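Colleague: Before we talk about names and labels, could you put the model on the screen? I would like to ask how each label is earned.

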Amino acid sequence: MIGSIICPVPPLETQRSIARFLDEQTARIDGLIEKKRALVDQLAEKRQALITRAVTKGLNPATPLRPSGIDWLGDIPAHWEVLPVKRLLEDAVGLQMGPFGGMLTNLPDYETGYKLYGQENTISGDFSLGRRWIEEERYQELKRYELQPGDLVITRKGSLGNCRRVPGDILPGIADSDTIRIRPNTSRLRPEWALLLLHEARFVSEQITAERRGAILSGLNTTVVGSLLFTVPPTAEQSQIIQQIDNEIGPIQNVVALIDTSISRLQEHRAALVTAAVTGQVPELQ
């Protein structure tokens with residue numbers, strides 16, 4: 001197949017001219033793309049630093065601090081607590097791993113109105129995706145694994161960056177065996193605060209790294225997730241910090257989106273330039 005591909009073959013000197021032209025032009029484009037990607041990385045670091053400071057120190061720099069007793073966390077506002085996740089959840093149902101895979105065999109191949117949610121939903125954040133269904137009877141039997149609006153879900157075999165909040169308009173259904181469901185006690189822990197810490201806070205990801213160091217885990221489990229330490233301000237303050245973070249990172253995200261668009265256009269221009277050059281459509285190379 002490779003040997004039968006038909007290629008345009010200009011004279012050798014023309015080939016050399018095209019190669020020199022493309023080396024120069026693509027190097028210039030690649031240099032611009034690299035600078036833009038470096039800027040995106042800098043903005044991502046600024047974004048994470050802003051979030052981490054807000055969720056460990058609060059918004060008021062004059063707030064009295066106290067030692068957290070945890071080396072990697074340092075001082076926290078004196079009126080905050082530091083608690084493991086398992087103490088911030090609904091009793092009995094707050095932390096639940098999906099059912100064993102053997103419970104989910106012989107799934108129906110038709111729509112039943114009861115979905116089986118999994119990694120594709122948690123990674124994408126889109127709970128309308130997926131065509132896996134379970135019968136109503138099995139749904140009732142496995143209801144302890146159901147997802148409710150406001151629940152958080154994380155993938156067991158991925159990073160905690162794959163953490164989403166279940167929206168309010170999902171079809172009834174359960175989580176699959178690769179998913180851990182977290183149901184916050186909203187009198188202590190706002191779902192948005194838990195999501196922010198799990199998805200964004202550096203000190204939480206560092207705890208996961210520490211848990212994995214020196215051991216090979218087949219994936220996250222409820223023991224690991226339940227033992228994660230969260231900073232816990234009063235719920236009203238959690239809401240204030242979340243709102244302030246949204247206000248501050250919004251402009252950063254807008255700039256990143258513009259840069260990403262610019263990078264995509266440069267990549268498209270690079271590909272078009274190469275195609276034009278090797279098909280004789282660049283006037284100065286003819």
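Modeller: Let me begin with the elements: helices (H or I, at least four residues) and strands (E, at least two) are DSSP runs, numbered from the N terminus. With that numbering, N106 is found in the loop between β4 (95–97) and β5 (115–117). This is a predicted model, in which local features need pLDDT of at least 70 and side-chain atom pairs count only at pLDDT 80 or more, while totals for chains, interfaces and linings use all residues. Residues are numbered from 1 along each chain as its sequence is written, and side-chain values use heavy atoms, with hydrogens and water left out.

Colleague: Why is N106 called exposed?

Modeller: Buried means under 20% relative accessible area, exposed over 50%, and partly exposed in between (1.4 Å probe, protein chains only). N106 has a relative accessible area of 71%, which is over 50%, and therefore N106 is exposed. N106 also has a positive phi of about 55°, although it is not a glycine.

Colleague: And what makes P8 count as exposed?

Modeller: The relative accessibility of P8 is 59%, so P8 falls in the exposed class as well. P8 has its place in the segment before α1, and its C-alpha atom is separated by 7.7 Å from that of V278, although the two are 270 residues apart along the chain.

Colleague: Why is α1 called oblique to α4?

Modeller: Two packed helices are described by the angle between their axes and the distance between the axes. Axes are lines fitted to C-alpha atoms, for helices over the stretch in contact (heavy atoms within 4.5 Å), and angles run from 0 to 180 degrees between N-to-C directions. The axes of α1 (residues 12–57) and α4 come within 11 Å and cross at roughly 135°. Angles under 35 degrees count as roughly parallel, over 145 as roughly antiparallel, 65 to 115 as roughly perpendicular and the rest as oblique; 135° belongs to the rest, so α1 is oblique to α4. The contact is made by R47, Q48, I51 and V55 of α1 and W193, L196, L197 and E200 of α4.

Colleague: What makes α1 roughly antiparallel to α7?

Modeller: The axes of α1 and α7 (residues 235–278) come within 10 Å and cross at roughly 170°. That angle is over 145 degrees, and therefore α1 is roughly antiparallel to α7.
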